[in-house]
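Biologist: I should like to go through the contact between the two chains step by step. Please show the sequence and the structure before we begin.

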Number of protein chains: 2
Amino acid sequence: MRPRVAILGTGLIGGSLGMAIRANHAASAVIGWDCDVATGAMALERGAADQLADSAEEAVSNAEVVFLAPPIEVIIPLLRAIEPALPSTTVVTDVGSAKERIVFEAHATIGGRFVGGHPMAGHEEFGIAWASPTLFQEAAWVLTPVPHTDPAALDVVARLVESIGARPRVCAPKTHDSLIAFLSHLPHLLAYGLADSAGHGVPDEWTDLAAGSFRDGARVALSDPERWVEILLDNREATVQSLDAFLAWASQAKNALANGDRGRLVDLLRAAHQGRRRFLL
Amino acid sequence: MRPRVAILGTGLIGGSLGMAIRANHAASAVIGWDCDVATGAMALERGAADQLADSAEEAVSNAEVVFLAPPIEVIIPLLRAIEPALPSTTVVTDVGSAKERIVFEAHATIGGRFVGGHPMAGHEEFGIAWASPTLFQEAAWVLTPVPHTDPAALDVVARLVESIGARPRVCAPKTHDSLIAFLSHLPHLLAYGLADSAGHGVPDEWTDLAAGSFRDGARVALSDPERWVEILLDNREATVQSLDAFLAWASQAKNALANGDRGRLVDLLRAAHQGRRRFLL
């Protein structure tokens, strides 16, 4: 009963997914396709697919489950392009980092057999070269059904996700977008901001003083800026809200620090510390 | 010609230092002392000292080099306490995270044989339990002489630091404080702010969605808040300046995002990304 899977976009996420599905024998076949021929070839070479298709339409024409794994702004255009070639019972899911718009537009395009998805795993460098069959091991994989999502389609995707060692977690698209603003989109913005500040504040001859807190705090500023602009714009409202929450804290901390208000600063850092301790990582 | 070394404060930094000195046979003896008896005992057990002294005064009474490694606000009071027991030629250095005030006050206390120091390595958890003989391997170790620092004292400390595998880097206290504001104090503030924001924005049942960007971005918010308040207050002016630089970037990014200004957002993230690429870690 293992499905025939197509993966459109075989970069970091699609490539890792193909490797994981194959390593776990979770599909009867994995058909890969990427608009970039070299990426597709490397995906095949790295074991991310059993075979490559010449086109997205060909890739999905016999698939029972389709994963849309291109850059976020390409997901809906790609879905529209393959729609005429999709068998009528094929389940489609995606891996986009923001869900409300995509789920709305995907349902408008192919109805209840679309299941929004977002694996909580990644890497600061994109591309098939960084793909790994263990990327999703123990990772949460959020699925975002809406009232008219087909429960059987949700079930198919959840079982596939589980079979590669990830933890399916179900919530509404809007809930996802709010949570992920705090857990991914805000951290990325802060990392870019830290990188910009230190980039200007530290002359070349002193960059070697950077250690753990800077390395980790600014790590994801190594991510591709263009890709991240599209993700942030796709979750604009929730990301601005999370940034506002951060800025409110930062302005209080700045005032307490500037005024030498030890008691207030201890309160602020203690509350933040307790917030961090709620996360088991 | 290996010196006799005393380490006052045998927690994460002092303990790691003792282990590294002993592992590299960089001293003829390492005498440890900590105001907390259990910490001292564990330091001895973990190989961070050859022997323990019953008091700070006893620890330094035969030492040629003294490392002051207690929490930052204790460094100067401890130096004043041991000053009467210090042999007249003993070199004293410290490991505090901010240097201008400490160097000024230390020189006022014992003159040119004090050499300010700050190893660029640490851990989000403090304490001897987290100490490691390799903590300073390849790490920069900033030394901050001033015009009246004895060059021979600087040389003694630099050679010791080098002999445990760290990289001595010399600059003025004020320069250190400005650089470290961007590379350590700002990253800590951002981590606490991120932890506070996500702590409020993410309900208990969804904390498991946190992944790499949050884990790394908020890692150092696991650090002890009281310790960090003292460090931040000790480098108040430079830290406020680095936070202002960050807030200026963040407010531009927020406006671009809120207005959906893709071009401006790309410019901001690209510049930040280039800033990050200057750091080779």
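Biologist: How many salt bridges are counted between chain A and chain B?

Modeller: This is a predicted model, and each value is computed from it. One of the salt bridges is formed by D216(A) with R219(B), whose closest N and O atoms are 2.6 Å apart. Between chain A and chain B the count is 16 salt bridges.

Biologist: Which helix of chain A gives the most residues to the side that touches chain B?

Modeller: Several elements give two or more residues to that side of chain A, among them strand 8 (140-143), helix 7 (173-201) and helix 10 (236-258). With 19 residues, the element that gives the most is helix 7 of chain A.

Biologist: How many residues of the side of chain A that touches chain B are nonpolar?

Modeller: Contact with chain B involves 86 residues of chain A. Of the residues on this side, 20 are charged and 16 are polar, while the nonpolar ones number 50.

Biologist: What area is buried between chain A and chain B?

Modeller: Carbon and sulfur atoms give 69% of this area. The total buried between chain A and chain B is about 8300 Å².

Biologist: Is E230(A) buried or exposed?

Modeller: E230(A) belongs to helix 9 of chain A and touches I72(A), E73(A) and R262(B), leaving aside residues up to four places away in sequence. Its side chain makes a polar contact of 2.7 Å with that of R262(B). Because its relative accessible area is 15% and the cut-off is under 20%, E230(A) is classed as buried.

Note on methods: Residues numbered from 1 in each chain as written. Chains lettered and ligands numbered in written order. Predicted model: local features only at pLDDT ≥ 70, side-chain atom pairs only at ≥ 80, totals over all residues. Heavy atoms only, no water. Contact = heavy atoms within 4.5 Å. Buried area = accessible area lost by both parts, 1.4 Å probe. Salt bridge = Lys/Arg side-chain N within 4 Å of Asp/Glu carboxyl O. Helix = DSSP H or I, 4+ residues; strand = E, 2+ residues; numbered from the N terminus. Nonpolar A, V, L, I, M, F, W, Y, C, P; charged D, E, K, R; others polar. Buried < 20%, exposed > 50% of the residue type's maximum accessible area, 1.4 Å probe, protein only. Polar contact = N/O pair within 3.5 Å; in protein donor to acceptor, adjacent residues only side chain to side chain.
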